[in-house]
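Please describe this structure for a reader who works with coordinates, taking the packing of its elements as the starting point and adding a short table.

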Amino acid sequence: MQKILLIGSSKLYTSTTEQTIAAAGYIVERADTGTAGLELVRAQNPNLVVCDWELSDCNGHYVLKQMRKDLQLAVTPFIMLSPLYDRKHLRHTMQMGADDCLIHPFADDVLIAAISARLKHQEAINNHYLSHLRLAAEHLNRLSYYDSLTKLPNHLLFEQRFTQLIQTSANPIALLSLSLDRLRQINNILGYPAGDSLLQSTSHRLQACLPNGTMLARLTGNQFAIALSNIDSLVTVKKLATELMDALSRPFSLPGHEVFLTASVGVAMYPHNSRELTVLMRQADAALEYAKRQKSNYCQFYQPDMVVATEYQIRLETWLRYALERDEFEVHYQPQLNLQTGQIEAAEALIRWHHPEAGNISPGLFIPLAEETGLIISIGQWVLETACRQVRQWQDMNLGLRHVSVNLSSVQFNQGNLSQRVAQTLQNIGLSPRMLELEITETALIQDANAAIRTLNELKHLGIRLAVDDFGTGYSSLSYLQKLPIDTLKIDNCFVRGVTTDPKNQVILKSAIDMGHDLGLCIIAEGVETLDEQSLLETYQCDFAQGYFIGKPMSAQHLQAYLEQQIALVSLAS
């Protein structure tokens, strides 16, 4: 029931006024003074207030003003009862926010009619706003759970419905991740409105191909997700994926253009591949990435050997961004043995990362991530500076090292100011350029061969030694080898491992060494792990050997002790 608060002296109302209001179906509360009335109205928040103009402690205008200043009471219906038949008074009362003003004397039925009218008006206003709030809530719901362009469910709604599907389905479920190929090219050439039109047409074609009730969602710009339940075999999934790709391969009509699209599909199966949706989606994405590498119109099911993104990779990137400033990196040095003299005469600088919580983290994990995020620029510069300072110290100690090698990633190598940064580093540290060797992989060199040759010439002009790392595993043409101003070839360990028992590897290894010597290059064989492998390399007249048999990567202090011991032994022998 609606509550009415009467504020004013009991003399104001007839003896039957409160009874009449109650008989009309309202709850009646009353306060004799303005102060008491304000306390009640704040405490009880009535549906309507009837207030006398003449109060013992204030006037009705004061009560009305205080109510309209209160956000909770600002729109509470208010009827003023006044003995003043004055137009200015009435106008001022209405301007202050009163909903009605009755002039004494008046009958009870007039007051009841005024109360009923004001409450009906307030109810109409409330219904109006509630209607708008419902519409706004529905709109927000669509924004939260639906894609505004295709009107398909987004990833949030898809995840909710997939979870429900898992709970109700006893059969396997196929999760398909479908990506449109070359949509970016359409956007760049024809504009984003054309791309948007294609996405809308794509959603229509997909819906037309899918069985009724199949879950379809748009996850990102060009990626859709499909959940197929009641799967009887993988052949059924493959057949539907092929139908989807065929449907999308038919031409799309745009104003003034006929456009062709292709698609790639990755599939992961619940529960065979995973019972967790987040893992299942990452597995489908891993399969999709494989499918994309097959160019177009290819469907790939997830396989256990596929690389799946994990939460650990996200944590790893966060840790990596702070590792340098928190001094978590260390440079280790792997010795290189001169096979003619039998002495350690060079070393390769290798970065190591010890995280305070995760412990030692493999370079195979964080180096690719550093390259992907661009952090390799600052990390690589730190390695270069650290190694150069250490070599400068060893040079002063005359420990017999000819040089130390530092690896350059393809990201570093393709920086336009590489030679200037290296020159500045050498100058700042005071290291002779001949003590530094920079290693570049074949794959880094072939990205832009002409630019690579220019950069190598700039570095060579500084007096730095240059080496091609992992030789034999890349795709560079041998014709470029004679054009590169390099000093060293490092033969990849895949050609050294097990070479003593593999005649084919022996032929490849000896040919590579002979070719390098014919070009006037120093040859280093990586991955030497046995005395027999070292002996065979000596037979082939390889110049240097590097590997665990020669020495594992070690701290600067350990390598220094190793070199000092070597000098002591040479002195004793002489």
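In this predicted model, helix H10, which spans residues 277–293, lies across E6, E8, strand E11 (262–270) and E12, and its direction makes an angle of about 145° with E11. The strands it crosses belong to an open sheet of five strands, arranged in the order E7-E8-E6-E11-E12 and paired in a mixed fashion. Strand E7 (215–218) and strand E12 (298–301) stand at the edges of this sheet, and because each has a single partner strand, one side of each is left without a neighbour in the sheet. From one strand to the next, the twist averages 20°.

Within the sheet, strand E6 (residues 173–181) and strand E8 (residues 223–228) run antiparallel and are joined by six bridges. One of the residue pairings between these strands can be named: alanine 174 has leucine 228, in E8, as its bridge partner.

Helix H7 (residues 183–190) also has a connection with this region, since its buried residues pack against E6 as well as against helix H8 (192–209) and strand E10 (257–259). The buried residues in question are Leu183, Ile186 and Asn187. Viewed down the axis of H7, they fall within an arc of 100°, and they therefore line one face of the helix. In general, an α-helix has 3.6 residues a turn, so residues three or four places apart point the same way. The face of H7 that is turned away from the buried side carries Arg184, Asn188 and Ile189, which are exposed. After H7 comes glycine 191, with a positive phi near 100°.

On the scale of the whole protein chain, the domain assignment gives the following bounds.

| Domain | Residues |
|---|---|
| domain 1 | 3–128 |
| domain 2 | 155–309 |
| domain 3 | 326–573 |

The centres of domain 2 and domain 3, taken over C-alpha atoms, are separated by 45 Å.

A further point concerns an annotated site. The unreviewed UniProt entry places the feature "modified residue: 4-aspartylphosphate" at Asp52. Aspartate 52 is found in strand E3, which covers residues 48–52. Is aspartate 52 buried or exposed in the model? Its relative accessibility is 6%, and because buried means under 20%, aspartate 52 counts as buried.

Note on methods: Residues are numbered from 1 along each chain as its sequence is written. This is a predicted model: local features need pLDDT of at least 70, side-chain atom pairs count only at pLDDT 80 or more; totals for chains, interfaces and linings use all residues. Side-chain values use heavy atoms; hydrogens and water are left out. UniProt positions are given in the numbering used here, feature names are shortened, and annotations may be inferred rather than shown by experiment. Helices (H or I, at least four residues) and strands (E, at least two) are DSSP runs, numbered from the N terminus. Buried means under 20% relative accessible area, exposed over 50%, partly exposed in between (1.4 Å probe, protein chains only). Two strands pair if DSSP finds at least two bridges between them. Axes are lines fitted to C-alpha atoms, for helices over the stretch in contact, and angles run from 0 to 180 degrees between N-to-C directions. Contact means heavy atoms within 4.5 Å. The arc is that of the directions from the helix axis to the C-beta atoms. Domain bounds come from an automatic or database domain assignment.
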